[in-house]
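User: I am new to this structure and would like a close look at a single part of it, the helix that packs among others in one of the chains, with enough of the surroundings to place it. Please take me through it carefully.

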Amino acid sequence: MRTPLLRIPLLLGASIVVAAVASSCADPVHDALVSSLGPENPSIPQGEYHRAGQPCTACHGPEGPAKTQFSLAGTIFWSGGADPNAGSVIGANGATVSVVDSLGTQTQIQTNCVGNFFVEQGNQSFAFPILAAVFAGPDNQYTARMVTQIGRASSCADCHTDPINYASPGHVYLTANAPPANLVSQNSSCPVDPNLATYSVAE
Amino acid sequence: MMNRARLVGSIVLAAAVTGISVGLAACASTPDPSRTTNIYTPDTAFAQYAGGGANVGVDGFIALRCGSLDCHGEIGRPLRLFSQSGLRIVDDAGNYPGGAPETEEEQFANFTAAISIQPELTSKVFAGLYDPHVLLLLRKPLQLERHKGGAVLQSGDDGDTCLTSWLNGAVNYTACANAAKIP
C-alpha cells in the first residue's frame, strides 16, 4: 500500500513526462506559418480553387493539417502588371507548368481556372533541385522560365510572395504587360472568380 | 512508515540536486561583445571571389547555384548569400530578386559569409597549411558532411575546382564560369 507522500513525487514525475512528450509533438514554426495564412475565403469553398497564391504545401505537406499531401503545387498568374510592386491577381487558366527534376524526369502540369496546379505526393515525387518554366496561350506565346533552380521549395509561394520585396520576386506571372483579355475571358466558366482583387479577404 | 518517508525525502533531494546540477551546467558565460576573430586571406582573395569583367569569379557560381531563395538565399541560413535572382540587401536602392545586378556590397557580404563559416581553419587553408577540403564550404556541397541540399557538387567537377583553386590562392575562372551555368 502506497502512502500519499509517495504518490506526490510519482504524480509529479508522470506529469512532467506527459508534458514533455506532449510539447515535443508540436512544431510552433509550422503552426505559426499555417496561422499566418488566415481563414478561408468564404466565397471560395475548400478544394482545388481555394487559397490561390498562397504556399500550398504549408498545409498540404507532411505536417498537415490538410489531408492531401502535394509534392509540388502553386499558382500561376497572368500579369505582373505595369507596376511590379502592384502584384498580380488574375489566375492563368490552362497554363502549362513544365518541370525537369535532377534525375531528368520531365513533367507537365496544367493549371485550373484560378491558376492553381498541384501534384499529389502519392502520384509523383520530384528529385530536387528542379527547373521550372510556364507556358500559356496559342503557340505558347506567353512563357516564363525560372532563372534559378528550385532547391527544395515545393510551393511557388514559399518564395514568390506578393508584393515584390527584397526577398521575393512577387507572384509567378506570365507577362509583365496587361493580361491578354481574350485569354482571361476564358475564365468566365470558372466556378469561382479567378481575380483575387474581387475578394475582400483575398490573401 | 518512517522508512518510506525517508525514501520519499531521498528521491526529492536527489531530483533537486540533479535539477540544480543540470541547470548550472546549462549556464554559459556572458558573451564578450568586444571579442573578435581575425581571418587572414590573401590580398587578392576578394577580387578573385568577385571576379569582374569577363571573369566569372566564385561568387558568380555560388550566388546563382546555392543562393536561391529557398536555400542559402534565405534569411537566417548559415552561408547566407545575396544575388541578383535571390535575396537582396535592404538599402535605399530597393532592389528585389530578378531586378538590378548584384552589387559589390552584396558580393562582399557573400565573401564574408564564405570565409567566416570556419574563420580559423579558413585562414590556415589560405596559408596553405591544410587542403581546402577540410572546410565545410566544400565538405557540405560534396556531401562529405550532412547537407540538407544534398550532393550539389561532385569531387573534381567545375564547382569543386572553382572553390578549391580560389582557396589555394589562384582561382580558376574557367571552372567558375562553367560551374555557374544552370543546365
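Analyst: Where the two chains of this predicted model meet, chain A contributes 19 residues and chain B contributes 22 residues to the contact. On the side of chain A that touches chain B, 11 of the residues are nonpolar, 6 are polar and 2 are charged.

The part to look at closely is helix α3 of chain B, which runs over residues 58-66. Of its 9 residues, 9 are buried, so α3(B) is largely enclosed by the rest of the structure. Those buried residues are B:V58, B:D59, B:G60, B:F61, B:I62, B:A63, B:L64, B:R65 and B:C66, and the elements of chain B that cover them include the helices α2 (45-50), α4 (104-115), α7 and α8 (173-179), together with the strands β1 (51-52) and β2 (55-56).

Among these covering elements, α7(B), made of residues 158-167, can be followed in detail, since two packed helices are described by the angle between their axes and the distance between the axes. For α3(B) and α7(B) the angle is about 135° and the axes are 10 Å apart, and the two helices are therefore oblique to each other. Their crossing is left-handed. From α3(B) the residues B:V58, B:F61 and B:R65 take part, and from α7(B) they meet B:G159, B:C162, B:L163 and B:W166. By type, the residues of this contact comprise 5 that are nonpolar, 1 that is polar and 1 that is charged.

B:F61 deserves a separate word, as its contacts reach past α7(B): leaving out residues up to four places away in sequence, B:F61 touches B:V56, B:G159, B:C162, B:C176, B:A179 and B:A180. In soluble globular proteins, nonpolar side chains tend to be buried together. Here the largest nonpolar core has 70 residues, and B:V58, B:F61, B:C162 and B:C176 are among those with the most contacts inside it, as are A:I76, A:F77 and A:L174 from the other chain.

A residue of α7(B) that gives another view of that helix is B:D160, which is partly exposed, with 19 other C-beta atoms within 10 Å. Beyond its neighbours within four places in sequence, B:D160 is in contact with B:L138, B:L142, B:L153, B:Q154 and B:S155. In the case of B:L138, which lies 22 residues away along the chain, the C-alpha atoms of the pair are separated by 7.2 Å.

For the wider setting, chain A has 3 helices and 7 strands, arranged along the sequence as α-α-β-β-β-β-β-β-β-α. Of its 203 residues, 38% count as buried. In contrast to what was said of α3(B), the helix α2(A) has 0 of its 9 residues buried, so α2(A) lies largely in the open; A:G38, with a positive phi near 80°, follows that helix. In the loop between α2 (28-36) and β1 (70-79) of chain A sits A:C56, a buried residue with 26 other C-beta atoms within 10 Å. Setting aside residues up to four places away in sequence, A:C56 touches A:F70, A:A73, A:G74, A:F118 and A:S155, while A:C156, 100 residues apart from A:C56 in sequence, is 8.2 Å from it in space, C-alpha to C-alpha.

Technical notes:
Residues are numbered from 1 along each chain as its sequence is written. Chains are lettered from A and ligands numbered from 1 in the order in which they are written. Two residues are in contact if their C-beta atoms, placed from the backbone, lie within 7 Å. Ala, Val, Leu, Ile, Met, Phe, Trp, Tyr, Cys and Pro count as nonpolar, Asp, Glu, Lys and Arg as charged, and the others, Gly among them, as polar. Axes are lines fitted to C-alpha atoms, for helices over the stretch in contact, and angles run from 0 to 180 degrees between N-to-C directions. Helices (H or I, at least four residues) and strands (E, at least two) are DSSP runs, numbered from the N terminus. Angles under 35 degrees count as roughly parallel, over 145 as roughly antiparallel, 65 to 115 as roughly perpendicular and the rest as oblique. A crossing is left-handed if the near helix is turned anticlockwise from the far one by less than a right angle, and right-handed if clockwise. A residue is buried if 20 or more other C-beta atoms lie within 10 Å of its own, exposed if 12 or fewer, and partly exposed in between; C-beta atoms are placed from the backbone. A nonpolar core is a set of buried Ala, Val, Leu, Ile, Met, Phe, Trp, Tyr and Cys residues joined through C-beta atoms within 7 Å.
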